[in-house]
Amino acid sequence: VPFRECCENETHLQLVYEWCSGGLFITQLSSYASLLTEGHIAQVIREVLSALAAAHTFGVHHLDMSLFSLFLQYTDRLSPIKVFGVGLAGFLMPAVTSRKFSKSKKYFYTAPELFAAGPLLVSSMPSQLRHACDVWSVGA
């Protein structure tokens, strides 16, 4: 999701992103369930992998990818998909790797290598491993 503006006061830093009127992909999925074909799902996967590839060219890896990171640009169709939530990508591994339980169940999307490594600085991970972890989370 494209960043638009940053606003700051004494106590808060507010980041403004492009508005995605379609909302979370996962919440809209059930309304399209009877219309979905394998081709539709393939298009969604292509869009997500394309967004990750673009981020990877700049050395940014998501590392917390899940269905909760996908937004729909419009309310009346399943495309385009926008990827959001790279806030921790450049700093620390997601806290999900250090918890035994998760209410959001996001650990279902986490690559096994992240659990094995535990919480660590992303900069200490090889770029190829970060890339592989993102691809694992997409399921491709």
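Residues 24 or more positions apart account for 59% of the protein's contacts with a separation of 6 or more. The model behind this figure is a predicted one. It has 4 helices and 5 strands, and a walk along the sequence gives the pattern β-β-β-α-α-β-β-α-α. Of the 140 residues in the protein, 30% are buried.

What makes up the largest nonpolar core? The set has 12 residues in all: Phe25, Tyr32, Val44, Val48, Leu52, Met65, Leu70, Leu72, Leu78, Ile81, Val83 and Val138. Two helices, H1 (25-32) and H2, and two strands, E4 (70-72) and E5 (81-83), are the elements that give two or more residues to this core. H2 gives the most, with 3 residues.

Two members of this core, Val44 and Leu78, are worth a closer look. With residues up to four places away in sequence set aside, Val44 touches Phe25, Leu78 and Ile81. Leu78 itself sits in the loop between E4 and E5. It counts as buried because its relative accessible area, 11%, falls under the 20% cut-off. On the same terms of sequence separation, Leu78 touches Phe25, Tyr32, Leu36, Val44 and Leu72. Val44 and Leu78 are 34 residues apart along the chain, yet 7.9 Å separates their C-alpha atoms.

The loop between E4 and E5 also holds Gln73. Is this residue buried or exposed? Gln73 has a relative accessible area of 12%, so it is buried. Leaving out neighbours within four places in sequence, the contacts of Gln73 run to Glu18, Trp19, Cys20, Ser21, Gly22, Pro80 and Lys82.

Turning to empty space, the second largest pocket holds about 160 Å³. Its lining is formed by Phe25, Ile41, Val44, Ile45, Val48, Met65, Ser66, Leu67, Leu70, Tyr109, Ser137 and Val138. By type, these residues divide into 10 nonpolar and 2 polar, with no charged residue. Which helices supply at least two residues each to the lining? They are H2 (38-57) and H4 (127-138). H2 has the largest share, 4 residues. Some residues turn up in both places: Phe25, Val44, Val48, Met65, Leu70 and Val138 are among the lining residues of this pocket and are also among the members of the largest nonpolar core. H2 therefore features twice, as the element with the largest share of the pocket lining and as the one that gives the most to the core, by the assignment of helices as DSSP runs.

As for charged pairs, how many salt bridges does the structure hold? There is 1. It joins the side chains of Asp76 and Arg77, with 3.6 Å from N to O. The two partners fall into separate accessibility classes: Asp76 is exposed, because its relative accessibility of 54% is over the 50% cut-off, whereas Arg77, at 39%, counts as partly exposed. Leu78, which comes next in the numbering, is buried at 11%.

Key:
Residues numbered from 1 in each chain as written. Predicted model: local features only at pLDDT ≥ 70, side-chain atom pairs only at ≥ 80, totals over all residues. Heavy atoms only, no water. 1 Å grid on protein atoms, 1.4 Å probe; cavity = no way out; pocket = protein on both sides within 12 Å on 5 of 7 lines; lining within 4 Å. Points joined across faces, edges and corners; volume = space filled by probe spheres on them. Nonpolar A, V, L, I, M, F, W, Y, C, P; charged D, E, K, R; others polar. Salt bridge = Lys/Arg side-chain N within 4 Å of Asp/Glu carboxyl O. Buried < 20%, exposed > 50% of the residue type's maximum accessible area, 1.4 Å probe, protein only. Core = buried A, V, L, I, M, F, W, Y, C linked by side-chain atoms within 4.5 Å. Contact = heavy atoms within 4.5 Å.
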